[in-house]
Amino acid sequence: MKKIFSAGMFVLIYLAVYYVFQYTYIIVATTYYYVSDTKLQNLEVMDWLNDKLPSAIVFAAAISFLVYAWIVKASKKKDIFDYCKFNPISLPKTTALILAGLSLVSLNALVVVGISMLLPEAYEAHVENMMGLTSSGGLWMIFSVGLAAPFIEEVMFRGLITNELDKVMSYKWVLFIQALLFGLYHMNVAQGIYTFILAIFMGLTLHWTNSIWAPMIIHIVNNLSSALMSEYIDASSDIVNIGFGIWIGLSLLFILPFTLKYLYKTRSEWTSEEY
């Protein structure tokens, strides 16, 4: 029981750290610009806040990583890169993971279509959330959503939280709970559903490769491709929609099953952290 309580406390701390720094940045930035820029009073507050989200993500990711590194060093007496399993992986596996990440974009798209039919209100909330997150546009948005967010989220969920849970339960339960927490963490029904599914796949690849680089590659490819498409691809184009439809079929029927089968067959031995 003591071990379970300790693991639970660390999980809550890891979740709180990133949230605290992200919202602290937004509060401080809002206060500063509200005082220094009188034009802000005539703007839509939510539009202005959405424009600051990429900076908040990058700031929170950088500071949170330093805090996580300090926590791991102080409490586990280990380097965060070793503790979170930043173990090298081969080029063939890296290629398979990139293809898996691209294929999971297709799965996400199908899940969202299903949600739009079954839960239209949740779908509308999801669309508004995504539009707000990507409304600032540009390379800074792509960097924050496509690189900074996946990096710190993988350190948090497939690194720190997975290690804590792995000490007190079987990996089947670890796989489920880390995915559930990842879905709830996004605080949006539609996004929570497909990120839960995505986290199952990322948790499996972590277990099969014994390296956090596996889920991190999938996560970065998934987010980065979505960010690039929202910035540079015309979603109203018939040619684009036809091409994406063909890719969905190929990726889900052939590419994703093949890459997952390859990663499973070439799996490494999983190493658990000890108290």
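**Note on aromatic pairs, helix H6 and a nonpolar patch**

1. Phe 86 counts as buried, because its relative accessibility is 13% and the limit for that class is under 20%. The structure discussed here is a predicted model. Phe 81, in contrast, has a relative accessible area of 40% and is partly exposed, since that class lies between the 20% and 50% limits.

2. These two residues also form an aromatic pair. The ring centres of Phe 81 and Phe 86 are 5.2 Å apart and the planes meet at 65°, so the arrangement is edge-to-face. The centre distance falls within the 6.5 Å required for a pair, and the angle is over the 60 degrees that define this class. Across the whole structure, the search returns 18 aromatic pairs.

3. What is the geometry of the pair Phe 157 and Tyr 185? The centres of these rings are separated by 5.1 Å and their planes are at 65°, so this pair is likewise classed as edge-to-face. The pair joins distant parts of the chain: Phe 157 belongs to helix H6 and Tyr 185 to helix H7 (residues 171–185), with their positions 28 residues apart in numbering. Both Phe 157 and Tyr 185 are buried.

4. The contact between Phe 157 and Tyr 185 should be read together with its surroundings. Both residues belong to one aromatic cluster, which also contains Tyr 19, Tyr 23 and Phe 182.

5. Helix H6, which carries Phe 157, covers residues 138–166 and has 29 residues. Its span from the first C-alpha to the last is 39 Å, close to the 42 Å expected at 1.5 Å a residue. The helix nevertheless has a kink of about 35°, centred on Ser 144. H6 is mostly covered, with 23 of its 29 residues buried.

6. Which residues make the nonpolar surface patch? Val 113, Met 117, Leu 118, Leu 119, Val 189 and Ile 193 form it, over an area of about 590 Å². Helix H4 (91–118) and helix H8 (189–209) each supply at least two of the patch residues. H4 makes the largest contribution, with 3 residues.

7. Val 113 is one of the patch residues and is found in helix H4. Its relative accessibility of 44% places Val 113 in the partly exposed class. That value is over the 30% needed for a patch residue, whereas the exposed class would require over 50%.

Note on methods
Residues are numbered from 1 along each chain as its sequence is written. This is a predicted model: local features need pLDDT of at least 70, side-chain atom pairs count only at pLDDT 80 or more; totals for chains, interfaces and linings use all residues. Side-chain values use heavy atoms; hydrogens and water are left out. Patches are made of residues with over 30% relative accessible area and no salt bridge: like charges are joined within 9 Å, nonpolar side chains (Val, Leu, Ile, Met, Phe, Trp, Tyr) within 5 Å. Accessible areas come from the Shrake-Rupley method with a 1.4 Å probe; for residues, only the protein chains shown count as cover. A salt bridge is a side-chain nitrogen of Lys or Arg within 4 Å of a carboxyl oxygen of Asp or Glu. Helices (H or I, at least four residues) and strands (E, at least two) are DSSP runs, numbered from the N terminus. Buried means under 20% relative accessible area, exposed over 50%, partly exposed in between (1.4 Å probe, protein chains only). The expected span of a helix is 1.5 Å times one less than its number of residues. The bend at a residue is the angle between axes fitted to the seven residues ending there and the seven starting there. Rings of Phe, Tyr and Trp (its six-membered ring) pair if their centres lie within 6.5 Å; planes under 30 degrees apart count as stacked, over 60 as edge-to-face and the rest as tilted.
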